[in-house]
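Subject: Structure for you to look at

Hello,

Here is the structure I said I would pass on. Please open it beside this message and follow along as you read.

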Amino acid sequence: MQSQQYQQQRRKFAAAFLAFIFILAAVDSAEAGKKEKPEKKVKKSDCGEWQWSVCVPTSGDCGLGTREGTRTGAECKQTMKTQRCKIPCNWKKQFGAECKYQFQAWGECDLNTALKTRTGSLKRALHNADCQKTVTISKPCGKLTKPKPQAESKKKKKEGKKQEKMLD
């Protein structure tokens, strides 16, 4: 009985030993399979940065359009390319189609010039456009005359129509 137990223990030990050898061989072959790759050389491009022209609308003065980009370099594969762009139609075009400003409320009317003004600070510039930091715009003031007393005449007309309806 003891010899059977001894043989079983020996078999278990042999199986464990073989499993250990097998695992070591697998790890070693996995490491051997991985050849040390030389680090890829970072190829520095001789190409310069892209320089973009302003967006030119396809039709009208806003909406979809295109812009051209160029770059310099002796070994550049691509030195020119065209890109689609869009000029929002609600931007103030007098300050450049690629410059967006945040405007303050309109100021008081200047009685000498009959104009009111407001200033805007640069909110966004598309594609590195040259934009002014602040801009000022002005517009004519509304009519400065006192409102005519038309309200009274309208009220009288309404009252007259109401009375006519009541009589009918």
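Is strand β5 largely enclosed by the rest of the structure or left open, and why? Four of the five residues of β5 are buried, so the strand is largely enclosed by the rest of the structure. Buried here means under 20% relative accessible area. Please keep in mind that this is a predicted model.

The overall layout

The protein chain has two helices and seven strands. Going along the sequence, the pattern is α-β-β-β-β-β-β-β-α. The chain has 168 residues, of which 14% count as buried. About 15,400 Å² of the protein chain is exposed, and 53% of this comes from carbon and sulfur atoms. If you take the contacts between residues at least 6 apart in sequence, 39% of them join residues at least 24 apart.

The sheet with β5, β6 and β7

β5 belongs to an open sheet of three strands, in the order β5-β6-β7, with antiparallel pairing. β5 (99-103) and β7 (134-140) are at the edges; each has a single partner strand, so one side of each has no neighbour in the sheet. From one strand to the next, the twist averages 40°. In general, the strands of a sheet pair through backbone hydrogen bonds, and the pairing is either parallel or antiparallel.

The two pairings can be followed one at a time. β5 and β6 run antiparallel and are joined by five bridges. As an example to find on screen, lysine 100 stands opposite arginine 124 in β6. Strand β6 (residues 115-125) is also joined to β7, by seven bridges, and these two run antiparallel as well.

Threonine 119 is a useful residue to click on. Threonine 119 is in strand β6, and its bridge partner in β7 is threonine 136. Which residues does threonine 119 touch, leaving out those up to four places away in sequence? They are Gln102, Phe103, Gln104, Val135 and Thr136. Threonine 119 has a relative accessibility of 31%, so it counts as partly exposed. The C-alpha atom of threonine 119 is separated by 8.4 Å from that of tryptophan 106, and the two residues are 13 apart along the chain.

In the loop between β5 and β6 you will find alanine 114. Most residues other than glycine have a negative phi. Alanine 114 is not a glycine, yet its phi is positive, at about 60°. Its relative accessible area is 35%, so alanine 114 is partly exposed.

The strands β1 to β4

β3 pairs with several strands, so I list its pairings together:

- Strand β1 (residues 51-52) pairs with β3 over two bridges in the antiparallel sense. Here glutamine 51 stands opposite threonine 70 in β3.
- Strand β2 (residues 56-57) runs antiparallel to β3 and is joined to it by two bridges. Proline 57 has glycine 65 in β3 as its bridge partner.
- β4 is joined to β3 by eight bridges, again antiparallel. Arginine 67 has glutamine 83 in β4 as its bridge partner.

β2 and β3 form a hairpin with five residues between the strands, and glycine 60 in this hairpin has a positive phi near 75°.

Glutamine 78 sits in the loop between β3 (63-70) and β4 (80-87). With a relative accessible area of 36%, glutamine 78 is partly exposed. Leaving out residues up to four places away in sequence, glutamine 78 touches Trp50 and Arg71. Glutamine 78 and cysteine 47 are 31 residues apart along the chain, and their C-alpha atoms are separated by 9.0 Å.

A patch on the surface

Which residues make the nonpolar surface patch of about 550 Å²? The patch is made by Phe13, Phe17, Phe20, Ile21 and Leu24. One of these, phenylalanine 17, lies in helix α1 (residues 2-33). Phenylalanine 17 counts as partly exposed because its relative accessibility is 47%, and the limit for exposed is over 50%.

I suggest starting with β5 and its place at an edge of the sheet, then going on to the patch made by Phe13, Phe17, Phe20, Ile21 and Leu24.

Regards

Terms used
Residues are numbered from 1 along each chain as its sequence is written. This is a predicted model: local features need pLDDT of at least 70, side-chain atom pairs count only at pLDDT 80 or more; totals for chains, interfaces and linings use all residues. Side-chain values use heavy atoms; hydrogens and water are left out. Patches are made of residues with over 30% relative accessible area and no salt bridge: like charges are joined within 9 Å, nonpolar side chains (Val, Leu, Ile, Met, Phe, Trp, Tyr) within 5 Å. Accessible areas come from the Shrake-Rupley method with a 1.4 Å probe; for residues, only the protein chains shown count as cover. A salt bridge is a side-chain nitrogen of Lys or Arg within 4 Å of a carboxyl oxygen of Asp or Glu. Buried means under 20% relative accessible area, exposed over 50%, partly exposed in between (1.4 Å probe, protein chains only). Two strands pair if DSSP finds at least two bridges between them. Axes are lines fitted to C-alpha atoms, for helices over the stretch in contact, and angles run from 0 to 180 degrees between N-to-C directions. Contact means heavy atoms within 4.5 Å.
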